[in-house]
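The exercises below are to be worked with the sequence and the coordinates open. Each task is followed by a solution in steps.

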Amino acid sequence: MEAQSSSGLLVSRKRRRDGSNGEPEDGERLGKVPRCTVGLRHPAPFADELMPADAKPYERVGMEEAKRGTPPDRPVRVYADGIFDVFHSGHARALMQAKCLFPNTHLIVGVCSDALTHKYKGFTVMNEDERYDAVRHCRYVDEVVRNAPWTLTPEFLAKHRIDFVAHDDIPYSSAGSDDVYKHIKEAGMFAPTQRTEGISTSDIITRIVRDYDVYVRRNLQRGYTAKELNVSYINEKKYHLQERVDKVKKKVRDVEEKSKEFVQKVEEKSIDLIQKWEEKSREFIGNFLQMFGPEGALKHMLKEGKGRMLQAISPRQSPNSSPTREERSPSPTFRLPFFSKTSPPPSPPPHHSGARGFLISEDDDDDDNDDEEEDEN
């Protein structure tokens, strides 16, 4: 069940067009896949550790039959070989394409030895055991052939019961041949795959060589000695000095960035203060005009105060129907204390027939008192 789901997942990821590097073209997006655990628990076995194949004679599967699908007990055996130095995503994508060539595929990967590789291609970063181990842990690989031949022979193809050989279709000139896969192509056993642009072992090594000083300093920081890195004493001191200079430069850059941030914050705060000051000044001017302006509250208050003062100091006008002297209420009489015993009580005002009566005021009373004093003298 797991094998079927894994095969279906791999088929769905098969490249759709030439030049796609195993990825869908623009506008084509893979749909969501159900969440499941399809990872392998063990690395791929080596070919020399497997039990020998059954006694059935080796019969190749044709291209049409392989595309239609073969029985579960007879997968299409596809072979892909290479150096696989510094194993990267380009290697993995090529093996994925080889695995997805047919619905039922058994992928065999051949890895060349150090001696053969150094002879025909050059020195490697990883040794053969490291390269073997890297390939056998790729999820698309079913079997690994150690010490694979540089040129495939009919005996080798028959021994491993290989149906097709997968490789990119660019002519591979090596070992005195214009294309080491020429006879495989002529036999109809070649299945082309696509290279992944922008990634290769040579590209990775070029990056390291180009930035050699950076990586040497990196490893010196990580604790590697100058002897382990094959660096002279003078270069070691030079790298340490460069590291200190870079640290100082970094501190300067940090200070500059912090100062820029500080200046920016001060500018933002100053802008906020200016805006608040403008708002407060407008509010103050508005309140001032409201109080002291031409139609302000102070002018109205002064007008009201002036009117009240004028009312207070100006005499009141007598009404047109003012009462006469006789109609006014009598004024209260006033007598000195020392005259209260001897002076007779005031006599009621005489009533004359035919004449208007009048009231005696305080002035008349005073005149009467003066007359009495003269009589006594």
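**Exercise 1. Strand pairing around β1**

Task: Determine in which sense β1 and β2 pair and over how many bridges, then place both strands in their sheet.

Solution. Step 1: β1 and β2 run parallel and are joined by 7 bridges. One residue pair on this border is valine 76 and threonine 105, the latter in β2, which stand opposite each other.

Step 2: β1 also pairs with β4, again in the parallel sense, over 2 bridges. Here tyrosine 79 has valine 165 of β4 as its bridge partner.

Step 3: β4 (residues 164-168) in turn pairs with β5 through 4 bridges, in the parallel sense. Histidine 167 is bridged to proline 192 in β5.

Step 4: The full order of the open sheet is β3-β2-β1-β4-β5, with 5 strands and parallel pairing. β3 (143-146) and β5 (190-193) are the edge strands, each paired on one side only. From one strand to the next the twist averages 30°.

**Exercise 2. Confidence in the model**

Task: This is a predicted model; find where its pLDDT is below 50.

Solution. Step 1: The chain has a mean pLDDT of 79, and 72% of its residues reach 70 or more.

Step 2: Residues 1-22 have pLDDT below 50, although the stretch makes 37 contacts in the model beyond near neighbours in sequence. Residues 351-362 are also below 50, with 13 such contacts.

Step 3: Where pLDDT is low, predicted coordinates should not be read in detail.

**Exercise 3. Burial of two strands**

Task: For β2, decide which side chains point one way and which the other; do likewise for β4.

Solution. Step 1: In a regular strand, side chains alternate between the two faces of the sheet.

Step 2: From β2, Thr105, Leu107, Val109 and Val111 point one way, while His106, Ile108 and Gly110 point the other way.

Step 3: With a cut-off of under 20% relative accessible area for buried residues, 7 of the 7 residues of β2 are buried, so the strand is largely enclosed by the rest of the structure.

Step 4: In β4, Phe164, Ala166 and Asp168 point one way, and Val165 and His167 the other. This strand is mostly covered, with 5 of its 5 residues buried.

Step 5: For the chain as a whole, 27% of the 377 residues count as buried.

**Exercise 4. Helices on the sheet and the nonpolar cores**

Task: Identify which strands α3 lies across and which α5 lies across, then list the elements that supply the largest nonpolar core.

Solution. Step 1: Helix α3 (residues 89-99) lies across β1 (76-82), β2 (105-111), β4 and β5, at about 145° to β2. Helix α5 (residues 128-136) lies across β2 and β3, at about 165° to β2.

Step 2: The largest nonpolar core contains 26 residues, and Val78, Leu95, Leu107, Val109 and Val141 have the most contacts inside it. At least two residues of this core come from each of β1, α3, β2, α5 and β4.

Step 3: A second core, separate from this one, has 15 residues, including Ala47, Val145, Val180 and Tyr181.

Step 4: Beyond four places in sequence, leucine 95 is in contact with Ala80, Phe84, Phe87, Leu107, Val109, Cys138, Tyr140 and Val141.

**Exercise 5. Two residues compared**

Task: Is histidine 88 buried or exposed, and which residues does leucine 298 touch?

Solution. Step 1: Histidine 88 sits in the loop between β1 and α3. Its relative accessibility is 10%, so histidine 88 counts as buried. Outside four places in sequence, histidine 88 touches Ile199, Ser200, Thr201 and Ile204.

Step 2: Leucine 298 belongs to helix α11. At a relative accessible area of 29%, leucine 298 is partly exposed. With residues up to four places away left out, leucine 298 touches Met291 and Phe292.

Step 3: Helix α11 (residues 297-313) has 17 residues and spans 25 Å from first C-alpha to last, close to the 24 Å expected at 1.5 Å a residue. The helix is hardly covered, and the count of buried residues among its 17 residues is 0.

Methods:
Residues are numbered from 1 along each chain as its sequence is written. This is a predicted model: local features need pLDDT of at least 70, side-chain atom pairs count only at pLDDT 80 or more; totals for chains, interfaces and linings use all residues. Side-chain values use heavy atoms; hydrogens and water are left out. Two strands pair if DSSP finds at least two bridges between them. Axes are lines fitted to C-alpha atoms, for helices over the stretch in contact, and angles run from 0 to 180 degrees between N-to-C directions. Contact means heavy atoms within 4.5 Å. pLDDT is the predictor's confidence in each residue, from 0 to 100. A nonpolar core is a set of buried Ala, Val, Leu, Ile, Met, Phe, Trp, Tyr and Cys residues joined through side-chain atoms within 4.5 Å. Buried means under 20% relative accessible area, exposed over 50%, partly exposed in between (1.4 Å probe, protein chains only). The expected span of a helix is 1.5 Å times one less than its number of residues.
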